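Me: Please take a close look at the aromatic side chains in this structure, starting with a single ring pair. After that, go on to whatever else can be said about the backbone and the surroundings.

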Amino acid sequence: MVSVDSIIGRNSLHRKVQRSLRIQKLRALGLIAPLFIFILISFVIPIGDMLFRSIENQLVSEVLPRTTEYLKSEQINEDWEPPNELFWHLYVDLAIAAEVKLHTRVGSRLNYEKTGISSLFRKSGRSIKRFGADDYRKALTDQIPELTSIDYWELLAEGTKYGYTRDTYNAWKKRLIENDDFSEKTKPSDFLFVVLANDIKSSGTTPSPDTILEEKLLPVISELPEIRFKELFLETDEDWAEPDVWDTIQLYSPSFTNGYYLNSADFKKGSDGPELRPENERLYVLIFSRTLFMSVTITMVCLLLGYPVAYFLANLPLKYANLFLILVLLPFWTSLLVRTSAWKVLLQNEGVINDVLVAIGLISNLERLELINNQTGTIIAMSHILLPFMILPLFSVMKTIHPSYVRAAKSLGATPWTAFRRVYFPQSIPGIGAGSILVFILSIGYYITPELVGGTTGTFISNRIAYHISSSLNWGLGAALGSILLAVVLALYWVYDRVVGIDNVKLG
Amino acid sequence: MKLTKLSTLVLGCIIIANSSQAIDLTVVSWGGAYSKSQINAYHNPFMELNPDVNIIHDESSYEAVAKLRAMREAGNLTWDLVDAVPSDAIRLCDEGLAMEVDVDEILEPAPDGTPASEDFGASLVSECFIPQIVYSTTLGFRTDVESWNGNEPDDVCDVFDLESFPGKRSLEKRPINNLEWALLCDGVAKEDIYDVLETEEGQNRALAKLDTIKDEVIWWSAGADTPQWLADGEVVFGSTYNGRFFALIEEAKQPVKILWDAQVFEYDGWIIPTGLPEDRLAAVLDLVRFATDTQRLADQAKYISYGPARTSSNALVGEHATLGIDMAPHMPGHPDNAYNVFYFNYDWWADYRDDLDAKFQAWLAN
Amino acid sequence: MANFQPYDTKSDKAWYYIFRVICGLIFFFLMFPILVIMPLSFNAGNYFTFTPEMLRLEIEGFSLKHYRDFFTNPDWQVAMYNSFRIAPVATLLSVGFGTLAAIGLSQSHVPFRRTIMAILISPMIVPLILSAAGMYFFYSRIGLQGTYIGVVLAHAALGIPFVIITVTATLTGFDKSLTRASASLGAGPIRTFFKIQMPLILPGVISGGLFAFITSFDEVVVVLFVGSASLKTLPWEMFNGLREQISPTILAIATILITLSVLLLSTIEILRRRSERLRGISPS
């Protein structure tokens, strides 16, 4: 029999424990929260934000909404000819974009995909001002002088009759506002008069005498020369007749694209799915595999050099071990740029190492070794730079291996080699795992050292990412390459966490 | 404690009071000797005449386009005047990041009254570009190479001649200039080069020519590389800007000579970012007007061997400020040097840069 | 030195010496680049090369002019000033946030401990170029790019993993009964923290702080992207120097920095010994 009291008592004890646990949890989380939020804002979100650029492609459809909308239903092949109406939409889109110089940004965006589009857009943005829109403005404002004021256009845009004019005017106004260029004093652009005239003309077929606008303007408009957009565009640049150009615009109309990722794998978007790039343009698969190859090599070299040193340190009395440890830590603490420039001095053709080799007669003066501006240079310099990251985890594992195991093995008749191989080595494997993964993770994302000593064959994918971000300005491609790199690193990080545990990273 | 607070407050007030009159201008350039020449020839005299203007130097012209784009995204323009090469200026102009200017309106005419647009002539490559200097990318070589048996290169194509002139070369790690030189030395006439380079076949032809020396080339990406390598003996033959060669030969006294054959003429100048507030814009326009007048452009040549972009400045070019050397013979445009000049086609490269760069990098990496 | 057992064979003895020679060579590999830099910084020439005069050990081959350049050139002075203006503040931020979080993480019932830890350490693992580019774009958007605060925040984020690692390491060796004893004697949690925990984890905090400081002080990729000319740090100026105007002044700075490193390292070593003594862990 259990008394009611005891149940309540037990429950309240249980509740107390629960509560104190909860408080403890909350307190712990409260302590972590500030840093967690800090890292989230200053680090995690920025990286996510950048990676988003690898799929983002709003620019084309935002700047050329009418053109891309029209192209949606087109089947573009080699025999396809751009219809007249397409050029009309292109004219309106370009005219709005050119007001705030957005057309050239689309041009440079599409030039990554097809050479020549950059200047095509630049030229066209300039030439559409000479398409005769000013004649329309003059003729129309002669009839209705109020058309020069922006207020009148606002009224027009409130009406529902001239849909195309309203949408165009609003789109134009939005761009100007974005650019801080819009005020009550802003003059309507010439092309707007062409749009209005067009609207009036097409609605003129259905009689609606309630607007003075039509009464006054229709006669003038019918006398104005028609603007032949297609001819004018083709006069500006005959590339506008190329189905390829339109195909590219069509392919890159969606707001999101896998184009940058295809590019990262040496593919490109074709109208029938991804196609492999021609051989002389393939680059990224090579660089990715080179990055992997060099990182593996650097990890192996570090292991090969780090293992004996760690073993040596672990078997010294602690007093001496700490002294020798300083020799390991000193390079670790020395500025990265300094160590890299030191390797430049050492490795060049006329550098210290070659000079010494020549002086002791190992090589002749004419066959100096090429140690820099290639993979050898990167591997040597980076192995040096990352070696401490191998030695320290190895050392901390080896310190815990008690010498009595090896002694026991020996006393049971094992040769020193067997004792090492069968007894010591297996126990040091966690250290090998920790050191190797750490070195590999750090090396795969290296930038500065390969940049300075890698030449053309010894550079990493990071160098290409930096190039696309600060020189070629193809930020989307840079982000796509970056997210592939990040995926690899995070996968390794996960493995590291499983194998070693992140809290077991040892420093100094 | 209170006293310090008070004094900070007072100091703060003084600073604020001052800043209401003084204007800080951030002027962006390339750094090194080139920036120094601008500081000596333009900025310091200007600040003496206008004590309320303070010029801060930035050396980020390498990333001008990227940085200005980022500033637009942020809506926070911190640069007031940017030194840029024409290709960047064209790009910035295209994107609306640089202001279009009327040079006759904002710049001084020549002393004889010739309007600025005529005085600057061909160097006005974009509506946003305010030219300063003419420089050239050209080749130089060591004069003490034993295996050359006393011969010296006198033709741009000698850089492709590994038999007569063996040894490492350094060329710039980008397609521009290299492809042109390669075609030129593969027998293409100067005026046809860009037409040939437009075709797949022409591009392969240029790369094939470069293939013949690829193993002997170290590729540079910073202006300081070739001079350093020539001084170290790492390379015996290499391209860089003519001003770098001048410093290497005349200041560091290294045994190096310039090969002026097929030097590639390029311009460099200012662009004014769009969206400056009025007071800063006014100060920048003052600075630009001052810094690009005939005398100031000639003054710059005292510090570095780059030619003034104005025709009227050429006659005023004098001696080097510290070395006392007559500078005129070191200018890329001097008749003795400009006997075979190659003009760079900016518009063409604006289109083909992305494509050829990808191909060139793929070629390099393989 | 060598403590051979009577049963050691000749090959054992030979191997013992060969092994030491191999280790000696590896240590040489580690130290060699640093040792080469120091004499070159006294180069009288203007390039990174040993001049014939230097090799002949003639006095004309050497000079202090690169050191003079460092201490008189305004560019380097500004860079040094900025480095010392950015690094300590970034360090303070890392240490402050990092220590709190490490104490939180060392409590016994923390939900999602592993995941949280993984995220907090990630700035050390994510390739710097990605961190730099990400911060560049994002900080631009929120108006922090090119500002002092932006650079400090970025550097603080990069320094945090080191603080977390070192402080959690000291906390794992921490004897919980000490806080319980303190609590049972009537001290509140705050008093316990400052009187008991703080002195014991202090060496870990300081060593983490030193790592964070050096990270900021030696960082070049992020500062190139997030910084601006008015915020150029020593590494920024050195990187520019390597591209723009190669001068042995960089080597002079390197020598000064190495000397600083030695001092810092000795500090850490002394602190570590003190901490072990305090916590009663005897060197085994």
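Reply: Phe141(B) and Trp148(B) are both buried. The model they belong to is a predicted one, and every value below is computed from it. Over all chains, the count of aromatic pairs comes to 63. In the pair formed by Phe141(B) and Trp148(B), the ring centres are 6.3 Å apart and the planes meet at 50°, so the pair is tilted. That class follows because an angle under 30 degrees would count as stacked and one over 60 as edge-to-face. The distance of 6.3 Å also falls inside the pairing limit of 6.5 Å.

Chain A holds a cluster of aromatic residues joined by ring pairs. Its tryptophans are Trp80(A), Trp88(A), Trp240(A) and Trp246(A). Phe87(A), Phe121(A), Phe131(A), Phe229(A) and Phe233(A) are also linked in, as are Tyr91(A) and Tyr164(A).

Rings also take part in contacts with charged side chains. In chain B, Lys214(B) places its charged end over the ring of Trp363(B), at 4.5 Å from the ring centre. Between chains, Arg53(A) lies over the face of Phe137(C), and here the distance to the ring centre is 4.1 Å.

For the wider setting of chain A, the assignment gives domain 1 (4–52), domain 2 (61–129 + 229–251), domain 3 (132–223) and domain 4 (284–504). Domain 2 is written as two segments. Its C-alpha centre and that of domain 4 of chain A are separated by 51 Å. Helix 1 of chain A (residues 4–52) contains Leu26(A). Leu26(A) counts as exposed because its relative accessibility is 57%, where the threshold is over 50%. From Leu26(A) to Tyr136(A) the C-alpha distance is 71 Å, with their positions 110 residues apart in sequence.

Back in chain B, two residues other than glycine have a positive phi. Lys253(B) has phi near 55° and sits in the loop between helix 11 (242–251) and strand 8 (256–271). With a relative accessible area of 61%, Lys253(B) is exposed. Ala262(B) also has phi near 55°, but its place is in strand 8 itself. The relative accessible area of Ala262(B) is 1%, so this residue is buried.

Chain C offers a check on helix geometry. Helix 1 of chain C (residues 10–40) has 31 residues, so at 1.5 Å a residue it should span 45 Å; the end C-alpha atoms lie 44 Å apart, which agrees. The same helix 1 of chain C bends by about 45° at Met31(C), and Pro33(C) follows within four residues.

Further along, Ile59(C) is in the loop between helix 2 and helix 3 (65–72) of chain C. Ile59(C) is exposed, at 69% relative accessible area. Its C-alpha atom is 46 Å from that of Lys13(C), the two being 46 residues apart along the chain.

As for confidence, chain C has a mean pLDDT of 85, and 95% of its residues reach 70 or more. Among its elements, helix 4 (residues 74–106) of chain C has the highest mean, 92, and helix 2 (residues 52–55) of chain C the lowest, 78. Where pLDDT is low, predicted coordinates should not be read in detail.

Conventions. Residues numbered from 1 in each chain as written. Chains lettered and ligands numbered in written order. Predicted model: local features only at pLDDT ≥ 70, side-chain atom pairs only at ≥ 80, totals over all residues. Heavy atoms only, no water. Helix = DSSP H or I, 4+ residues; strand = E, 2+ residues; numbered from the N terminus. Expected span 1.5 Å × (residues − 1). Bend = angle between axes of the 7 residues up to and from the residue. Phe/Tyr/Trp six-rings, centres within 6.5 Å; stacked < 30°, edge-to-face > 60°. Buried < 20%, exposed > 50% of the residue type's maximum accessible area, 1.4 Å probe, protein only. Lys NZ or Arg CZ within 6 Å of the ring centre and 35° of its normal. Domains from an automatic or database assignment. pLDDT = per-residue confidence, 0-100.
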